[in-house]
Every structure is written in C-alpha cells, then in structure tokens.
Amino acid sequence: MNILQNNSEMPYERFLSCGAQSLTNAELLAIILRTGTKEKSATQLSREVLGFFEDGSSDLSSLRRLTLQDLISIPGIGEVKAVKILSLAEISRRLVRERAAQKLIFSSPSSVADYYMEDMRHLETEKAVLVMLDNRMALLREETVSTGTVNCTLLSPREIFIQAMRWNAVNIMLVHNHPSGDPTPSDLDLDITGRICRAGQLLGIRLIDHLIIGDHNWTSLREYGCVPDYDLPED
C-alpha cells in the first residue's frame, strides 16, 4: 500500500478510534469521497473542494455554493463524487431547515429568518418569497414571486395580491435575500414595502413583515418601522 492510499484511509481509522469530533472538515469529507487520485489523497482532494472559491471561504458552507460543473472541473472529482458532495450539502440544508421549522413562529422575525436563512443566504441573485397565512398565523402556502439580478428583485404588488387572494390569505409576509450578504434595505426595498402595505390595507390583507436575508444576518422591516406593528397571535 503506498503512502497516498495510507493517508486516504487515516480519517476513517481516526473516526473509529477518536470519534467524528476529532476530525477536520476536510477529513470528514474525505471519508465521504473514500478515495483520492495517484497524486492526491482523499484528504488533499477534499481540501481542494473546500477551497474551490477564490474569496477564501473554505468552510463547509462553501459546499452549498458549488454546482455539479464546479465539482467535476476539479481533477479527481468525477460525477459520482460530485453527486455525493452535493447530496451531503442538501442533507445539511434540510437538517438546518427541519430544526428551524420546529421553532417556526410567523409572528417572530428571528424565527422566520432562521427558517429561510440556509435556503437564501447562498443565492447569487435576489429571490423573493411570499408567505401566505390565515387569521391564526398558520401557513397556507409559500410561493416564489420574483427572481432578480445580483442587486435587484422586481416585486409586483399585483402578482402578490393575486396569489394572496387565490389562497384566501389574511396575512402575508415577504422574504427576500441580498446576495451581497448585507441585509440593509435599499430605497427600492422601502418603496415597494410601503406600496404593498398600502395596497393590502385597501384589500384587507395585512403585510405583517418584510424580511431581508443576508449572510447570517437579517433585517425586519417591521422592526425597521416600515410595516405596521400589528397585534399578532404568537402561534
């Protein structure tokens, strides 16, 4: 057995002897990949995967940003390994969302932000989700109502209220991301929020909040003072 093969098996052996907590991110990923190449161990190959982006991000969250094409462009990563990595990233996303769903309270901006954070903070263009709720704040449906550019999403009040009336929503919430990672509202964010608030008041459909998702941070336009602070049930 050559040195590279021996090195590629070390994470597995260390897992058994010391536990998962003792392994680095690259070593854990190496266990998933199982093998490297003639020139690189599985651990070295894993470091290349985690360090794919030139912005210096090399933590596990960078896996969420990788595409199938990104992965197979790395020497030693074929389609099978790429699918394993993307499946691991998707399992991670679902675990985070399931945990957040257990604490989801739509009257709580932090609870809603936690729920949507992993879905939206990695997106490279803006996306807006309409959350439709009944009078008890129970979820009726959520719909993507807009996808935009790297710094703009085009929200249509008309489309928002067509959807809200279709599902008999009494309360609605908007959630959209800023790909820059900075959730500070733009002038356009403030303007469209005000327009939707006013239209909703005429139609009897309350906009209870508009959340902007950044990278591990968020802004509530209700807390920002741009949305009326309605007396909302907590569950």
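Helix 6 is packed in from several sides in this predicted model: the elements covering its buried residues include helix 5 (79–101), strand 1 (127–133), strand 2 (139–147), strand 3 (171–177), strand 4 (206–213) and strand 5 (218–220). That leaves the helix mostly covered, with 10 of its 12 residues buried. The buried set runs P109, S111, V112, A113, Y115, Y116, M117, E118, D119 and M120, so charged side chains such as E118 and D119 fall under the 20% cut-off for burial too. The geometry of the helix checks out as well: at 1.5 Å a residue, the 12 residues of helix 6 (residues 109–120) should span 16 Å, and the end C-alpha atoms sit 15 Å apart, which agrees.

Zooming out, the chain splits into domain 1 (11–98) and domain 2 (106–220). Taken over C-alpha atoms, the centres of the two domains are 33 Å apart. As for where they touch, six residues of domain 1 are in contact with seven residues of domain 2.

Next come the charged pairs. Searching the whole structure turns up 11 salt bridges. Two of them share E90 as a partner. In one, the side chain of E90 meets that of R93, at 2.6 Å from N to O; in the other, E90 pairs with R94 at 2.8 Å. Salt bridges that share partners also join R64, E118, R121 and D215 into one network. Back in helix 5, the spacing along the helix accounts for both E90 pairs: R93 and E90 are three residues apart, and therefore separated by about one helical turn, while R94 and E90, four residues apart, are likewise separated by about one helical turn. An α-helix has 3.6 residues a turn, so residues three or four places apart point the same way. The surroundings of the three side chains vary. R93 counts as buried, at 16% relative accessibility, whereas R94 counts as partly exposed at 48%. E90 is partly exposed as well, with a relative accessible area of 26%.

Another salt bridge links E48 and K40, whose closest N and O atoms are 3.0 Å apart. Here the lysine is the covered partner: K40 is buried, with a relative accessible area of 16%, and E48 is partly exposed at 33%.

The surface also has a nonpolar side to it. Y12, F15, L16 and L28 form a nonpolar patch there, with about 400 Å² of accessible area together. Helix 1 (residues 3–18) gives the most to this patch, with three residues. One residue of helix 1 is L16, which counts as exposed because its relative accessibility of 58% is over the 50% cut-off.

Finally, a couple of backbone angles deserve a look. R34 has a phi near 75°, a positive value in a residue other than glycine. R34 sits in the loop between helix 2 (25–33) and helix 3 (42–50) and counts as exposed, at 59% relative accessibility. M137 also has a positive phi without being glycine, with a value near 70°. M137 belongs to the loop between strand 1 and strand 2. Loop or not, M137 is buried, with a relative accessible area of 5%. The two positive-phi residues thus sit on opposite sides of the burial scale, R34 being exposed and M137 buried.

Definitions and conventions:
Residues are numbered from 1 along each chain as its sequence is written. This is a predicted model: local features need pLDDT of at least 70, side-chain atom pairs count only at pLDDT 80 or more; totals for chains, interfaces and linings use all residues. Side-chain values use heavy atoms; hydrogens and water are left out. Patches are made of residues with over 30% relative accessible area and no salt bridge: like charges are joined within 9 Å, nonpolar side chains (Val, Leu, Ile, Met, Phe, Trp, Tyr) within 5 Å. Accessible areas come from the Shrake-Rupley method with a 1.4 Å probe; for residues, only the protein chains shown count as cover. A salt bridge is a side-chain nitrogen of Lys or Arg within 4 Å of a carboxyl oxygen of Asp or Glu. Helices (H or I, at least four residues) and strands (E, at least two) are DSSP runs, numbered from the N terminus. Buried means under 20% relative accessible area, exposed over 50%, partly exposed in between (1.4 Å probe, protein chains only). The expected span of a helix is 1.5 Å times one less than its number of residues. Contact means heavy atoms within 4.5 Å. Domain bounds come from an automatic or database domain assignment.
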